[in-house]
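Trainee: I would like a close look at a single part of this model and at what surrounds it. Please take one helix, then work outward from there.

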Amino acid sequence: MIDSIDVFSSSISFSEQDVRDKTVVVIDVLRSCSTIQTALENGAAGIIPLGSNDDAGRYTRYLDSASILLCGEKEGKKVEGYQLGNSPLEFSKETVSDKTILLKTTNGTRAITRSSGAARILIGSFLNLSAIADILKQDGEKEVLLICSGWNSRLSIEDMLCAGAITHKIFDHKLPFDSTDGVKVAFGLYEKFGSDIPALIRDCNHAKRLRDLGYEEDVSYCSQVDLYSSIPSMHEGVISIRK
Ligand code: MLT
């Protein structure tokens, strides 16, 4: 039974104190959480989310370079010198199998690294929507935070819609009377737009940015609901899927 649940709207909208001892679900539909899920489904050994580009040097010095891939984006584009960007479609079996991925993205990996004081960190997107809702219910998590990564400190409607979809599943479509403002906003958004998730995502600000960069296919890919049933989670700085 979940005692409390709240929704935060961007990667910097919460403090260390907010996440301490909580179960956190970090959501970045476009694209980092969808990319993390895809990379792990395709056999990546683990994902190390980076809070800053400087962290990359720290890791690459100590890890065997044949087994790591340095990946990430700045303003949606692959960072120069990195092996891959942040398009989930780049993270195929052939490319990522058995590799450790160092991933630096503008908002998603920042939200994840800023949540490091949480008791449990799960990675959520539409790709694993039901699995996330089910585990939160089944594991009897007490205090849950849904952290939407957003875009440059601002809200992203696709992340908020995903948070709303999770709350709908958790509460069986009935909004509890004592819900927080964050839950009410997310729940209400899903009530209004949840019947056509791909349409809402297609029209969101970040989808437009990605289309302009030639990543149209990423937008459709990340709009799929329940493509996977696994849950990436972070342990000691590394994200993996626990069987
Ligand atoms: C982010 O972390 O800001 C996003 O995943 C950006 C992107 O679409 O690459």
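Mentor: In helix 6 of this predicted model, the buried residues are L129, S130, A131, I132, A133, I135 and L136. That is 7 of the 10 residues in the helix, which spans 129-138, so helix 6 is mostly covered. Its buried residues pack against strand 2, strand 7 (120-124), strand 8 and helix 7. After helix 6 comes G140, with a positive phi near 60 degrees.

One of those packing partners, helix 7, deserves a longer look. Helix 7 runs over residues 157-170, 14 in number, and covers 20 Å from its first C-alpha to its last, close to the 20 Å expected at 1.5 Å a residue. Because 12 of its 14 residues are buried, helix 7 is largely enclosed by the rest of the structure. The buried ones are E158, D159, M160, L161, C162, A163, G164, A165, I166, T167, H168 and I170. The list includes charged residues such as E158 and D159 as well as nonpolar ones such as L161 and I166.

Both ends of helix 7 can be followed into loops. On one side, S156 sits in the loop between strand 8 (143-148) and helix 7. S156 has a relative accessible area of 7%, and therefore counts as buried, the cut-off being under 20%. Its side chain reaches the backbone nitrogen of W151 at 3.4 Å. Leaving out residues up to four places away in sequence, S156 touches G150 and W151. On the other side, D172 comes just after helix 7 and takes a positive phi of about 55 degrees. H173, in the loop between helix 7 and helix 8 (181-193), also has a positive phi, near 65 degrees, and is not a glycine.

Next, the nonpolar packing. The largest nonpolar core has 41 residues, and F126, L136, L146 and I166 are those with the most contacts inside it. Helix 7 gives the most to this core, with 7 residues. Apart from it lies another core, of 28 residues, with V26, I101, I147 and I239 among them. Two of the residues with the most contacts in the largest core have appeared above: L136 is buried in helix 6, and I166 is buried in helix 7. F126 can be traced further through its contacts. Setting aside neighbours within four places in sequence, F126 is in contact with E158, L161, C162 and A165, and also with V29, I197, I201, C222, Q224, V225 and D226. E158, L161, C162 and A165 are among the buried residues of helix 7.

The ligand is the next stop. It is surrounded by 13 residues, the closest being R31, N86, T105, N107 and H206. Three polar contacts can be checked in the model. A polar side-chain atom of T105 lies 2.6 Å from an oxygen atom of the ligand. For N107, an N or O atom in the side chain is 2.7 Å from a ligand oxygen atom. For S32, a polar backbone atom is 3.1 Å from an oxygen atom of the ligand. Taken alone, the ligand exposes 270 Å², and the protein buries 100% of that.

R31 has a backbone detail of its own. L30 and R31 are joined by a cis peptide bond, with omega about 0 degrees. R31 is placed in the loop between strand 2 (23-27) and helix 2 (32-41).

T105 leads on to R110, since T105 is one of the residues in contact with it. The others that R110 touches are S11, I12 and N152, not counting residues up to four places away in sequence. R110 lies in helix 5 (residues 108-114). Its relative accessibility is 25%, so R110 counts as partly exposed. The C-alpha atoms of R110 and S10 are separated by 9.9 Å, with their positions 100 residues apart along the chain.

A last site for contrast is E236, in the loop between strand 9 (232-235) and strand 10 (238-241). E236 has a positive phi of about 50 degrees although it is not a glycine. With a relative accessible area of 83%, E236 is exposed, whereas S156 is buried.

Terms used: Residues numbered from 1 in each chain as written. Predicted model: local features only at pLDDT ≥ 70, side-chain atom pairs only at ≥ 80, totals over all residues. Heavy atoms only, no water. Helix = DSSP H or I, 4+ residues; strand = E, 2+ residues; numbered from the N terminus. Expected span 1.5 Å × (residues − 1). Buried < 20%, exposed > 50% of the residue type's maximum accessible area, 1.4 Å probe, protein only. Core = buried A, V, L, I, M, F, W, Y, C linked by side-chain atoms within 4.5 Å. Contact = heavy atoms within 4.5 Å. Near = heavy atom within 4 Å. Polar contact = N/O pair within 3.5 Å; in protein donor to acceptor, adjacent residues only side chain to side chain. Areas by Shrake-Rupley, 256 points an atom, 1.4 Å probe, with all protein chains shown as cover.
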